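Let's walk through this structure together, one region at a time. Keep the 3D view open as you read, and turn it whenever a new part comes up.

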Amino acid sequence: MVLSYHCPKCDALLNPNVRVVLIARYNGEAGIVLMSSKLGDYQVICDKGFCHEVAKGDIIEFQCPVCHGSLTSSSYENFAELKIINTEKADHAPCMLRFSRVSEEHATFLYDGDSVKEFGEEAGGFLDEMTIEGDWGW
Ligand SMILES: [Zn+2]
């Protein structure tokens with residue numbers, strides 16, 4: 001499955017290669033983070049100077065590197081949201097990806113309009129609230 005990740009605000013492609021490029025902010029510091037485009041893979045490459053500031057459980061603010069818009073979910077403040085498209089399907093409608101902003105909390109949800117798929121070992125704890133139909137429509 002080849003996924004393209006887009007900013008929900010400006011629609012910029014965020015994974016020109018295999019990595020998803022985001023700006024992370026914490027405690028007045030900012031750095032570039034490169035996330036895996038494979039769902040459920042939580043290996044992150046980041047600016048060591050920035051990552052050094054962040055400990056497990058800290059809440060990171062993610063921004064689009066193109067428009068600098070905040071990716072924080074309007075309905076779940078501990079989560080960030082991206083638009084995602086399966087580029088192998090020509091007619092594939094954009095889905096929403098929601099992932100935890102909490103450092104080292106592995107919880108990701110993929111909404112495709114009528115179902116929710118979860119990824120990450122901590123996702124199960126959120127499943128009840130995440131399966132509730134939300135107004136996220138695109
Ligand atoms: Zn953007």
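Start at Asn27, which sits in the loop between β2 and β3. The model you are looking at is predicted. What is the phi of Asn27 in it, given that this residue is not a glycine? The value is positive, about 55 degrees. That deserves a second look, because most residues other than glycine have a negative phi. Is Asn27 buried or exposed? A residue counts as exposed if 12 or fewer other C-beta atoms lie within 10 Å of its own. Asn27 has 11 such atoms within 10 Å, so it is exposed.

Now follow the chain to either side of this loop. Strand β2 covers residues 19-26 and strand β3 covers residues 29-36. The two run antiparallel and are joined by eight bridges. One pair you can pick out is Arg25 with its bridge partner in β3, Ala30. In general, strands of a sheet pair through backbone hydrogen bonds, either parallel or antiparallel.

Step back a little, and β2 and β3 turn out to belong to an open sheet of four strands, in the order β4-β3-β2-β5, with antiparallel pairing. At its edges stand β4 (44-46) and β5 (61-63). Each of these has a single partner strand, so one side of each is left without a neighbour in the sheet. On average, and ignoring direction, neighbouring strands here are turned by 35 degrees against each other.

There is another open sheet to find, made of five strands in the order β1-β6-β7-β8-β9, again with antiparallel pairing. Here the edges are β1 (3-6) and β9 (116-119), and because each has a single partner strand, one side of each lacks a neighbour in the sheet. Neighbouring strands of this sheet are turned by 30 degrees against each other on average, direction ignored.

Within this sheet, look at β7 and β8, which run antiparallel and are joined by four bridges. Leu97 stands opposite Leu110 in β8. The loop between β7 (95-100) and β8 (108-111) holds Glu104. Glu104 is not a glycine either, and its phi is positive, near 65 degrees. With 13 C-beta neighbours inside 10 Å, Glu104 counts as partly exposed.

Finally, how confident is the prediction? The mean pLDDT of the chain is 90, and 93% of its residues reach 70 or more. Among the elements, β5 has the highest mean pLDDT, 98, while helix α2 (residues 127-130) has the lowest, 83.

Notes:
Residues numbered from 1 in each chain as written. Predicted model: local features only at pLDDT ≥ 70, side-chain atom pairs only at ≥ 80, totals over all residues. Pairing = 2+ DSSP bridges. Axes fitted to C-alpha atoms, helices over the stretch in contact; angles between N-to-C directions. pLDDT = per-residue confidence, 0-100. Buried ≥ 20, exposed ≤ 12 C-beta atoms within 10 Å, placed from the backbone.
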